[in-house]
Structure formats: C-alpha cells, structure tokens
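Open your viewer, switch to a cartoon view and keep the selection box handy. We will go from stop to stop, and at each one you will hear what to select and what is there.

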Amino acid sequence: MSQHLRIGGASGFWGDASAATPQLLAAGGLDFIVYDYLAEITMAILARGRAKDPEAGFAADFVTAAMAPNLREIARQGVRIISNAGGMNPTACAEALRAEIARQGLALKVAVIAGDDLFAQRDEVAATAPRDMFRGTALPPVEKIASINAYLGAFPIAAALDRGADIVITGRCVDSAVTLGAAIHYFGWTPKDLDALAGGSLAGHILECGPQATGGNFTDWRAVADNLADIGYPIVELQADGSFEVSKPEGSGGLVSRGTVGEQMLYEIGDPQAYLLPDVACDFSAVTLEQTGPDRVLVAGARGLSVPDSYKTCLTWADGYRSGHIFTFYGLEAEAKAQHFADTVLQRCRATLKRMQAPDYTDVSVELIGTESQFGLLRSSAPAREVAAKIAVRHPDARAVGLFLKEATGLGLATPPGLSGFAGARPKPSPVLALFSYLTPKDQVAVRLSDDTGTLECPAFQGSEVRVAPRPELPAAPKAETIVAVPLVDLAWARSGDKGDIANIGVMARDPDLMPWIWAAMTPAHLQAVFGHFLQSEASQIERFYLPGSAAMNILLHGALGGGGTSSLRNDPQAKGYGQLLLAASIPVDADLLARLKGGQGSIQP
C-alpha cells in the first residue's frame, strides 16, 4: 500500500461543472474521487422535490452527468467514488446509478448510507422540544415541518469501502465526511486517532468546495483570470498522520498557493478551535500552510479534541411565502426614482392589506444595486444614473406576496421615468422553508449501510477522551514611527460565507508580520462600521478568533443575514461578498514594514 492517499474533489455544490470528473480521471493516479452536493439551501430544494415526487429528492445529475459518461474509465482505473448526492433520497439515487451501471454492462458495486432522515420521528422530536442551537428559538409547529436530517459522519462510509464498495452514496453527511471516510478505510484510523481524524477532516474541507481551493473566488483573482476557464480541481495527497499536500492536475488552470488554500481553510469554519463534526471536534488554530513547490501546498497541524456525542441536525419548515423582482432605472436621478418607485409599491400594497384587514409583510427588502447599497456607511460613490432596484417581500399568505407582484407590475405606467427591464414572466410567490438547527444524541439515530450483501447497522462511536484547547495568545499591540492607512486587501486575503443566519469572514495575512496590525484594526467598532447596516436584529453579535499557525483570524457576525439563505430576502443571503466589503475598508499599518514587504521580496504577493 502506498504511504499516501490521493483524492480528487470533483464537486463543491449541486450544479458544479461536469468537466471535473473527466479532468481528474485524465490526471490519473487517484485512489478516490469525492463529490459534495449538499448545503442547507440544497436540502430545502430537495425536500420540495421529494414532496412532489417520492422518487425524487436527490442530485440526479450526479448519475447523468458525473457518472454515466465516465463509468467505463472509472472502472478501468479502479478509482473509487464517494458522494452525498443521495440528498433526501439516497436509495433512489443508488437505484438510478445501478440501472446505468447495468446498462453499460459493468460490475461496479454501489453501497448506500442512510439513516440521516428523521422526518418520520418528528413527533418524538417535538416532544423533546429542542431549541435552535444558534438562536435559541423554539421548535416550529410539527405540522409545518418539511424535513429533518442529521449530519452523519465518515465511519459508515469507511465500513462500506471495507465491504468492497466501488461507489458509496450517502444522504446528508457532513461535507468533509466523503474524504474522511476514504482516509479511515485506507489508513485504518480509529476514533482514538483524534489528530489524524482532524487532519483528514481538514483535507475534506479543502476539497469540499472544489475549485475554491485552486483559484476560484480568490481575493487576487487577476492572478488566475487568464486561465479560469480551464481551472483545475483540487487533489490532496493525504499522509497517515493527517497532514496533506494540495495540488491540481498538471497543465490545468487556476492556482494552488498559501492564499488559495488558506482562504478555503477559513471558509465557514466558525470558531476554529471548535469546528464540530460527527467524528471529531477539530482545532485548526495551529495549522500551518507551506508552499512546497509550484501549485503545491503542505497543510499540517490540525488537532482533534474529542469525539462529539451528538449529530448536528437541520430541520426545514414552512414559514410563509416570499418573492421579489428586479426593476431597472437609468437616466437623471435614477437612484432617487428607483427608491421612490419601491416606496410607492410598498405603500400601495400595505394600503390594500389594511383594507383587507390582513397583517403587514413580515419582512421587506429594498436594495438599490449600483448605489453601493451593500457598503452601508462606507459608501463612497456619487448618486447613480443606472440602478437595479431589487424589491422583495415575505408574508404568511401567498396571496399577499402575489399582491406585491401585481401592484409592482401594475405601476409600470405610473412611475418616475426611466423604468426598464428585460421582458419575461412575472415571478410567482414561492414557499419559504426556514432552517432550524439543533443537536440529536447519536444513540437516537440509526445509521444503515446497504449493499449487495445486505444491510448493516452502523453504531456511532463516542469517545471518552476530551482535550482542552487553550485560546492562543493574541498578537501584541503594534507600534510604529510612521503609520499609513491602506485597504485591507493590500495586507490580507479574505473569504466569506454563511452558517444559517451567521456570516463568517476569514482573514489571512499576506505576511505573518502584518497580522498584529490586522488584528488590532479588526475591532468590533471597525466591524460595526463596515457591517452595521446588516446587524439590525436582536440576535446581532460580533465574535473574533485568532489562528496563529496561519497568521489569520475568523470573524462571525451573528444575525447578519436576514434569517439565512433558505428564507432571507437579501441580495446576498449567504454573505458571499462580505469579505470584499472588509477588504475595501482601510486600516492603519506600519509604513516602513509595508514598504519593506513590498520592496523586492514578493512576500505579500499572491
């Protein structure tokens, strides 16, 4: 057996490019290819699909686009496949794939991991009355629950591979488990190998978003702009101790650097010393990133703290209806006209609702795209002469949402001049499936492995060892003779994302000597100045965490997303651009240090 395990990451979301699988197969030498299709929004979409059709509820293009054209080459190379494309219906996904395998006359063995679906237990769940683990809110009414899924771990995947599966399909497992399951099988890790499990989980976290580790969504996007069309998908070479190197197929586009890998490491990890997964609680604060060659980065230092005794569980529930539309204005005073139009539409709608003795909208969003509306108090642009007015509403009754769409369209001839827009069908009210997250004890979830030899129960592992992770010493307050203010982008890389209603912004210094200045500047007051217009709810709170190993920090903005991706009316409900807002804001730094780092050393370049 080789001393390292080579795994390619071919999918970061449902809808990722179909070119990834043939690219990774052409690279050769892979032991596994893994696919992550699921997010909270995806699960809500799949729940709607399964409600309409009991045979639906999975990522069908995993079968038709990723597998069907490539099965013969997969079989020829002996590459094994792990995917959570099963979504809400892993059994149906596996049956569709088995039918395609049979049609092509192949003998690949498919295994299914199920048990994450707890919808049938909704009455029992309601009896325990869990509170939302992030907001503390009460469980919604049972009759409104649309889905309940526990986030399973990696050991059942490893068990399926131990039994000879060529392809493993799961329901809702954590994103990194598709990688960790392969590593557990290959290296024989046990629940006691906490550091190795944390390293394997971090490898999975790097792979789980596909090309986001190889130049996609990278702060220094111009460094990869010329070859993004041919971007390479990530490959990790994992060692038995949990350390690994990140690379990409030779000759492919994109970039693998400390910056690209560091941004992905920080992406959506919350507290870096409490990254909780079903198999291990991870501490990434001391992780180091070393450029070992062109497009190669060594990642080491992940630490495991314990084996959690619960599964994170996500429940979606029917929380009314929402819809919105984009109306464009251009010409003189376009910005003022767009705002007046939005105000008038909402005024007419509310007057009609009042006459009907119906309640007001539960949420309203007006964002004038093109006016730096996302920058809040830090807006620096002059009044715009071309604006896209995004107006959206939410209400318990679909008719109230339909009223908004009718009135907005009906005002087309009674608006300030300059209204325009691409012709198309009027949008319809869509049901909101809101997210409720809580913890389910592992002994209440029956995980099952099914393959050609039958069905096997997979008991959950719970560890007794609990390590303490002291908070790292924070950077000392920096001093300098001459201070200059520069945009954060000159000093750092950043990437942002979401977890429910929490925005997550990871910031990594281009050079470790810059980190004390970055930490000193990223005060709650500074963050309030940048993001205060998003922090308007009672749940609003700011947290900061320091990662000395990578000279980085992570910022959490609680209550910043208008309810989160499954229910928010925001133009950016998943905080994808929040890192860009932070990078644009200036902070003070030692002028001599900045000049020295920029002068001939290349240490703060991509």
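Two strands are said to pair if DSSP finds at least two bridges between them. Keep that in mind for the sheet stops, and remember throughout that this is a predicted model.

**The whole chain**

Start with everything shown. The secondary structure comes to 16 helices and 26 strands. Along the principal axes, the C-alpha atoms fill a box of roughly 70 × 65 × 45 Å. The radius of gyration is 25 Å, which agrees with the value near 25 Å for a compact globule of 606 residues. Of those 606 residues, 55% count as buried. Among contacts with a separation of 6 or more, 76% are between residues 24 or more positions apart. Turn on a surface and you are looking at about 25000 Å² of exposed area, with carbon and sulfur atoms supplying 53% of it.

**Strand β6 and its partners**

Select residues 167–170, which are strand β6. In a regular strand the side chains alternate between the two faces of the sheet. Here both faces are covered: Ile 167 and Ile 169 are buried on one side, Val 168 and Thr 170 on the other.

Now add residues 110–114, strand β4, which pairs with β6 in the parallel sense over four bridges. Which residue of β6 is the bridge partner of Ile 113? Thr 170 takes that place. Next, add residues 80–83: this is β3, also parallel to β6, with three bridges. Ile 81 stands opposite Ile 167 here.

**Into helix α8**

Move along to residues 177–187, helix α8, and pick out Ala 177. Is Ala 177 buried or exposed? Its relative accessibility is 1%, so Ala 177 counts as buried. Show what surrounds Ala 177: beyond its neighbours within four places in sequence, the contacts are Leu 152, Gly 153, Ala 154 and Ile 157. Then draw a C-alpha to C-alpha distance to Pro 278; the two residues are 101 apart in sequence and 8.8 Å apart in space.

**A three-stranded open sheet**

For the next stop, select β9, β10 and β13, which form an open sheet in that order with antiparallel pairing. The edges are β9 (275–276) and β13 (303–306), each pairing on one side only. Zoom in on β10, residues 281–283, which has three bridges to β13. Asp 283 has Arg 303 as its bridge partner in β13.

**Salt bridges**

Side chains of opposite charge can pair when their charged atoms come close. A search of the whole structure finds 23 salt bridges; three of their pairs are worth a visit.

Select Glu 237 and Arg 6, whose closest N and O atoms are 2.6 Å apart. Glu 237 is in strand β7 and Arg 6 in strand β1 (residues 4–11), so this pair ties together parts that are 231 residues apart in sequence. Glu 237 counts as buried at 12% relative accessibility, and Arg 6 does at 16%.

Then try Asp 175 with Arg 172, a salt bridge whose closest N and O atoms are 2.9 Å apart. Both Asp 175 and Arg 172 are buried.

The next pair is Asp 295 and Lys 248, meeting at 3.8 Å from N to O. Asp 295 sits in the loop between β11 (288–293) and β12 (296–300), and Lys 248 in the loop between β8 (244–247) and α10 (258–266), so the link spans parts 47 residues apart in sequence. Asp 295 is partly exposed at 26%, whereas Lys 248 is buried at 9%. Before moving on, select Arg 6, Glu 237, Glu 245 and Arg 296 together: salt bridges with shared partners join these residues into one network.

**Two backbone angles to check**

Most residues other than glycine have a negative phi. Asn 217 is not a glycine, yet its phi is positive at about 55°. Look for Asn 217 in the loop between α9 (194–207) and β7 (235–239), where it is exposed at 57%. Glu 333 likewise has a positive phi of about 55°. Glu 333 lies in the loop between β14 (310–330) and α11 (334–355) and is exposed at 60%.

**Last stop: a surface patch**

Bring the surface back and select Met 133, Phe 134 and Leu 439, which make a nonpolar patch of about 260 Å². Phe 134 belongs to the loop between α6 (122–128) and β5 (145–150) and is partly exposed, with a relative accessible area of 38%.

Technical notes
Residues are numbered from 1 along each chain as its sequence is written. This is a predicted model: local features need pLDDT of at least 70, side-chain atom pairs count only at pLDDT 80 or more; totals for chains, interfaces and linings use all residues. Side-chain values use heavy atoms; hydrogens and water are left out. Patches are made of residues with over 30% relative accessible area and no salt bridge: like charges are joined within 9 Å, nonpolar side chains (Val, Leu, Ile, Met, Phe, Trp, Tyr) within 5 Å. Accessible areas come from the Shrake-Rupley method with a 1.4 Å probe; for residues, only the protein chains shown count as cover. A salt bridge is a side-chain nitrogen of Lys or Arg within 4 Å of a carboxyl oxygen of Asp or Glu. Helices (H or I, at least four residues) and strands (E, at least two) are DSSP runs, numbered from the N terminus. Buried means under 20% relative accessible area, exposed over 50%, partly exposed in between (1.4 Å probe, protein chains only). The radius of gyration is taken over C-alpha atoms; the globule rule is 2.2 Å times the number of residues to the power 0.38. Contact means heavy atoms within 4.5 Å.
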